[in-house]
Amino acid sequence: MDRDREFLVIRGHLDRAGHFRLRRSRSTDFVRQWPIIEHTDVYVELLDADRRVVHREPAEVKAEVTCDPGAPRRARVLGYIALRGDAASVRLRRQELDLWEAPIQRAPDVKVEITTKRIARERPLQLDLRYSPAGKAAHLTVVYKWGSRKFRPIYIGPPSETMEIDLTGLPGGDACQLVVSYSNGLRSAQAATGFFAVPPRGPQLAIVR
């Protein structure tokens, strides 16, 4: 990741009592599409060490639709903000109410290695992962790639030091790869395995209707 061009992606749930629950937040060096926000009273702010606001961006707030009778109303919050070197913390704020705040952590790191000696469809592929300390909201994403613009997320969940990847139903090719994205709860790091070959998969039938 280009640390000179890093954007925090703050996402989570906000209830009617003003409680915000962080959910799978991360950082990225490329924002595919900034939210189009016509009106909001929730902002993502960067604070310096003296708690002065050094940057602010509006956050998207969308009410969740549920059919459950008596279910508590809550909203999904999504905000992007460019990280600055003088930022010491990030917070979510609604008018004069602080909804959530967290210190800006050091940039994380992650390493991934295939420990399986011979890769075959018949047995799981073993992964060894090493990453910097994980926060409460840390998560890991593993993407399987089998060619140019050919990829599929195969795991999103808590970090683990070892993983088994079932290759049985995945496409094959001569330049397959596993790409790992690790978020320590606020900032992200990426790593990838070397390329490996997986035998092509034969035709498959599925009844869709």
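**Figure 1. An open four-stranded sheet, ordered β5-β4-β8-β9 with antiparallel pairing.** This close-up, like the others here, comes from a predicted model. The edges of the sheet are β5 (53-58) and β9 (97-103), and each of them pairs on one side only. Going from one strand to the next, the twist averages 20°. Zoom in on β8 (residues 89-94) and β9 and you'll find six bridges holding the antiparallel pair together. If you want a landmark for the register, take arginine 94, which sits opposite leucine 97 in β9.

**Figure 2. The salt bridge between glutamate 45 and arginine 91.** The closest N and O atoms of this pair are 2.7 Å apart. In sequence the partners are distant: glutamate 45 belongs to strand β4 and arginine 91 to strand β8, 46 residues apart. Are these two charged residues buried or exposed? Glutamate 45 has a relative accessible area of just 4%, so it counts as buried. Arginine 91 comes out at 9%, and since the cut-off for buried is under 20%, arginine 91 is buried as well. Pull the view back a little and the pair turns out to be part of a salt-bridge network, which links Glu45, Arg56, Arg91, Arg93, Glu96 and Asp98. For the overall tally, a search of the whole structure gives 13 salt bridges.

**Figure 3. Aspartate 48 and arginine 52, a salt bridge with one buried and one exposed partner.** Here the closest N and O atoms are 2.9 Å apart. Aspartate 48 has a relative accessibility of 10%, so it falls in the buried class. Arginine 52 reaches 52%, and because exposed means over 50%, arginine 52 gets that label.

**Figure 4. Threonine 40, a buried loop residue with polar contacts to backbone atoms.** Threonine 40 sits in the loop between β3 (26-28) and β4 (42-47). Its relative accessibility is 14%, so threonine 40 is classed as buried. What does the side chain of threonine 40 reach at 3.1 Å? That would be the backbone nitrogen of valine 42. A polar atom of the threonine 40 side chain also lies 2.9 Å from the backbone oxygen of alanine 59. Setting aside neighbours within four places in sequence, the residues in contact with threonine 40 are Pro58, Ala59 and Val61. Valine 42, the partner through its backbone nitrogen, also turns up among the residues of a nonpolar core, which is shown in Figure 7.

**Figure 5. An open three-stranded sheet in the order β10-β11-β14, paired antiparallel.** The edge strands this time are β10 (110-114) and β14 (162-165), each pairing on one side only. On average, neighbouring strands are turned by 25° against each other, ignoring direction. Between β10 and strand β11 (residues 125-131), which run antiparallel, there are five bridges. To get your bearings in this pair, look for valine 112, which stands opposite leucine 129 in β11.

**Figure 6. Aspartate 128 in strand β11, with its partner arginine 130.** The side chains of aspartate 128 and arginine 130 make a polar contact at 3.1 Å. The pair also counts as a salt bridge, with the closest N and O atoms 3.1 Å apart. Arginine 130 is at 42% relative accessibility, so the label here is partly exposed. Which residues are in contact with aspartate 128, leaving aside its neighbours within four places in sequence? They are Lys111, Val112, Glu113, Thr115, Glu161 and Thr162.

**Figure 7. The largest nonpolar core, plus a second, separate one.** The largest core has 22 residues, and those with the most contacts inside it are Leu127, Tyr144, Ile165 and Leu178. Which strands each supply at least two residues of this core? The list runs β10, β11, β12 (139-147), β14, β15 (173-183), β16 (188-192) and β17 (196-198). Isoleucine 165 makes a handy centre for the close-up: not counting residues up to four places away in sequence, it touches Pro124, Leu125, Leu127, Ile154, Leu170 and Leu178. The second core has 20 residues, among them Val42, Leu46, Val54 and Val90.

Technical notes
Residues are numbered from 1 along each chain as its sequence is written. This is a predicted model: local features need pLDDT of at least 70, side-chain atom pairs count only at pLDDT 80 or more; totals for chains, interfaces and linings use all residues. Side-chain values use heavy atoms; hydrogens and water are left out. Two strands pair if DSSP finds at least two bridges between them. Axes are lines fitted to C-alpha atoms, for helices over the stretch in contact, and angles run from 0 to 180 degrees between N-to-C directions. Buried means under 20% relative accessible area, exposed over 50%, partly exposed in between (1.4 Å probe, protein chains only). A polar contact is a pair of N or O atoms within 3.5 Å; within protein, one must be able to donate a hydrogen and the other to accept it, and residues adjacent in sequence count only if both atoms are side-chain atoms. Contact means heavy atoms within 4.5 Å. A salt bridge is a side-chain nitrogen of Lys or Arg within 4 Å of a carboxyl oxygen of Asp or Glu. A nonpolar core is a set of buried Ala, Val, Leu, Ile, Met, Phe, Trp, Tyr and Cys residues joined through side-chain atoms within 4.5 Å.
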